[in-house]
Amino acid sequence: LADKSGQFLPKDGARRYETLAWVMFQMGAIGPMFGQVGFFNKFAGKDYEDKRPLERYVAESRRLLGLLEKRLFTGDWIMGGEYTIADIATLGWVRNLITFYGARELVEFDTLKAVPAWLDRGLARPAVQRGLEIPKRG
């Protein structure tokens, strides 16, 4: 869609592929790890007597948030000054980790500076606000 619309993906070859690498980071790391935290913290994982899986996924999620934190010190968005598909792909996972999955304290989210500011900027975008209302909330 980014190619088709000509939006949210840099035209410059090097920046384009760097953006796609950050999308792969979301797909291969953020999504799976945050999803596992969600399972073990909010859903059936709570029934597991062995707490090592949750501890492992929490530790990895903290590490991934640390990488994102370091990256976001370079600018307002993952690609610096440009809002891209890397931000779009990642925002929802970070939001859900601390809200829907209730893992804010587990991953020590409030010790971060750049990631919360980035999340607030992203969630404030008008298109994101409209998207959060689909389906219409009562």
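A residue counts as partly exposed when its relative accessible area lies between the 20% limit for buried and the 50% limit for exposed. That cut-off will help in several of the views below, which come from a predicted model.

**View 1. Glu108, a residue with an unusual backbone angle, sits in the loop between H4 and H5.** Here phi is near 55°, a positive value in a residue other than glycine. With a relative accessible area of 40%, Glu108 falls between the two limits and is therefore partly exposed. For context, most residues other than glycine have a negative phi.

**View 2. Phe8 also has a positive phi, of about 70°, although it is not a glycine.** Look for Phe8 in the loop between helix H1 (2-5) and H2. Its relative accessibility is 30%, so Phe8 counts as partly exposed.

**View 3. The whole chain is built from six helices and zero strands.** Following the sequence, you will meet the pattern α-α-α-α-α-α. The radius of gyration is 16 Å, close to the 14 Å that the globule rule gives for 138 residues, so the chain is as compact as a globular protein of that length. Its C-alpha atoms fill a box of roughly 50 × 40 × 25 Å along the principal axes. Of the 138 residues, 41% count as buried. Among contacts between residues at least 6 apart in sequence, 66% join residues at least 24 apart.

**View 4. The largest nonpolar core brings together 35 residues.** Those with the most contacts inside this core are Leu68, Val94, Phe109, Val115, Trp118 and Leu119. Two or more core residues come from each of helix H2 (13-42), helix H3 (52-72), helix H4 (85-98) and helix H5 (114-124). H2 gives the most, with nine residues.

**View 5. Phe109 and Ile98 touch each other.** Leaving aside residues up to four places away in sequence, Phe109 also touches Val94, Arg104, Val115, Pro116 and Leu119. Ile98 belongs to helix H4, and with 10% relative accessibility it counts as buried. With the same sequence neighbours set aside, the residues that Ile98 touches are Ala103, Arg104, Phe109 and Leu119. If you would like a wider reference point, the C-alpha atoms of Ile98 and Phe40 are separated by 14 Å, and these two residues are 58 residues apart along the chain.

**View 6. Thr19 in helix H2 has 0% relative accessibility and so counts as buried.** Who surrounds this threonine? Not counting residues up to four places away in sequence, Thr19 touches Leu9, Pro10, Met79, Thr84, Ile85 and Ala86.

**View 7. The largest pocket holds about 160 Å³ of space.** It is lined by 13 residues, and the closest to its centre are Tyr83, Ile88, Leu91, Gly92 and Val128. The elements that give two or more residues to this lining are H4 and helix H6 (126-132). H4 gives the most, with six residues. By type, the lining divides into eight nonpolar, two polar and three charged residues.

**View 8. A cis peptide bond runs from Ile134 to Pro135.** Omega of this bond is near -5°. Pro135 is placed in the segment after H6. As a friendly reminder, most peptide bonds are trans.

Note on methods: Residues are numbered from 1 along each chain as its sequence is written. This is a predicted model: local features need pLDDT of at least 70, side-chain atom pairs count only at pLDDT 80 or more; totals for chains, interfaces and linings use all residues. Side-chain values use heavy atoms; hydrogens and water are left out. A nonpolar core is a set of buried Ala, Val, Leu, Ile, Met, Phe, Trp, Tyr and Cys residues joined through side-chain atoms within 4.5 Å. Buried means under 20% relative accessible area, exposed over 50%, partly exposed in between (1.4 Å probe, protein chains only). Helices (H or I, at least four residues) and strands (E, at least two) are DSSP runs, numbered from the N terminus. Contact means heavy atoms within 4.5 Å. On a 1 Å grid over the protein atoms alone, a cavity is a set of points where a 1.4 Å probe fits but cannot get out, and a pocket is an open set with protein on both sides within 12 Å along at least five of seven lines; lining residues have an atom within 4 Å of a point. Grid points are joined across faces, edges and corners, and a volume is the space filled by probe spheres set on the points. Ala, Val, Leu, Ile, Met, Phe, Trp, Tyr, Cys and Pro count as nonpolar, Asp, Glu, Lys and Arg as charged, and the others, Gly among them, as polar. The radius of gyration is taken over C-alpha atoms; the globule rule is 2.2 Å times the number of residues to the power 0.38.
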